[in-house]
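Here's a quick tour of one protein model, written for someone who likes to click around while reading. Load it up and follow along.

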Amino acid sequence: MLSSKIRSPKVLLSAACLVLGQLAWVAPVAAQQDIIDERQDGFKEMGTAMKTLRDELKRGKPDAAKLSAAAEQLSVLAEKIPAWFPEGSGPAAGLKTDARDYIWENREKFDAISQALIAESKKMSALGSSGDASALQKQLIVIRDNCASCHDSYRVD
């Protein structure tokens, strides 16, 4: 049984507002967590593609199909990077992420690095089917350096 104080319209209205306020906060936080999860999964896939490229290029006779598939995968994922970092998906939202606030504080610079990675990944993808191990190795180093520059500035490690 609710006491007469709790049943008063003011108390019930206040309680309803409190619950609705909590729900209004939970939904956007859940959506931001989904974005963080998606970008973490995407970066893991990019790491797998980079490892495949590196491992294949270390072999005496790399598997051209694996090189081509990994290069294409890297290119496709690189194009998603700008969308993986919408406003409100950083640590300021109170969520666990390795992304630094510096991304959103310096968005123009972050976007420039992302666009450079997209361009270099497309070059890698074009080289993927060529079988030119030397050119692929050089392009892999370019991409690795691009990744490192972003990690150094924008990722907590």
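## A glycine in a loop

Is glycine 90 buried or exposed? Glycine 90 counts as buried, because its relative accessibility is 4% and the cut-off for buried is under 20%. Keep in mind that this is a predicted model.

As for where to look, glycine 90 sits in the loop between helix 2 and helix 3. Skip the residues up to four places away in sequence, and glycine 90 touches Leu95, Thr97, Asp101 and Trp104. There's also a long-range pairing to check: glutamine 33 is 57 residues away from glycine 90 in sequence, yet their C-alphas are 9.7 Å apart in space.

## The overall layout

Zooming out, the protein chain is built from five helices and zero strands, so if you read DSSP runs from the N terminus, you get α-α-α-α-α. The chain has 157 residues, and 29% of them are buried.

How much of the contact list is long-range? Among contacts in the protein chain with a separation of 6 or more, 68% are between residues 24 or more positions apart.

## The nonpolar core

The largest nonpolar core has 27 residues, and Met46, Leu53 and Phe85 have the most contacts inside it. At least two residues of this core come from each of helix 1, helix 2 (64–78), helix 3 (102–105), helix 4 and helix 5. Helix 2 supplies the largest share, with six residues.

Leucine 53 is a good one to select. Leaving out neighbours within four places in sequence, leucine 53 is in contact with Leu67, Ala70, Ala71, Leu74, Met124 and Leu140. Alanine 70 turns up again in a distance pair with lysine 51: the two are 19 residues apart in sequence, with 8.9 Å from C-alpha to C-alpha. Lysine 51 belongs to helix 1 and counts as partly exposed, because its relative accessible area is 43%, between the cut-offs of 20% and 50%.

## Helix 4 and its serine

Helix 4 has 22 residues and spans 31 Å from first C-alpha to last, close to the 32 Å expected at 1.5 Å a residue. Its buried residues are Phe110, Ile113, Ser114, Leu117, Ile118, Glu120, Ser121, Met124, Ser125 and Gly128. As a reminder, an α-helix has 3.6 residues a turn, so residues three or four places apart point the same way.

Which side of the cut-off does serine 114 of helix 4 fall on? Serine 114 is buried, because its relative accessible area is 3%. Not counting neighbours within four places in sequence, serine 114 is in contact with Ile81 and Pro82.

## The largest pocket

Now for the empty space. Rolling a probe the size of a water molecule over the atoms shows where it is left. The largest pocket holds about 560 Å³ of space. It is lined by 24 residues, and those closest to its centre are Arg39, Phe43, Lys44, His151 and Arg155. The elements giving two or more residues to this lining are helix 1 (9–58), helix 4 (107–128) and helix 5 (133–154).

Which helix gives the most to the lining of the largest pocket? That's helix 1, with seven residues. By class, the lining has 14 nonpolar, six polar and four charged residues.

Key: Residues are numbered from 1 along each chain as its sequence is written. This is a predicted model: local features need pLDDT of at least 70, side-chain atom pairs count only at pLDDT 80 or more; totals for chains, interfaces and linings use all residues. Side-chain values use heavy atoms; hydrogens and water are left out. On a 1 Å grid over the protein atoms alone, a cavity is a set of points where a 1.4 Å probe fits but cannot get out, and a pocket is an open set with protein on both sides within 12 Å along at least five of seven lines; lining residues have an atom within 4 Å of a point. Grid points are joined across faces, edges and corners, and a volume is the space filled by probe spheres set on the points. Helices (H or I, at least four residues) and strands (E, at least two) are DSSP runs, numbered from the N terminus. Ala, Val, Leu, Ile, Met, Phe, Trp, Tyr, Cys and Pro count as nonpolar, Asp, Glu, Lys and Arg as charged, and the others, Gly among them, as polar. Buried means under 20% relative accessible area, exposed over 50%, partly exposed in between (1.4 Å probe, protein chains only). Contact means heavy atoms within 4.5 Å. The expected span of a helix is 1.5 Å times one less than its number of residues. A nonpolar core is a set of buried Ala, Val, Leu, Ile, Met, Phe, Trp, Tyr and Cys residues joined through side-chain atoms within 4.5 Å.
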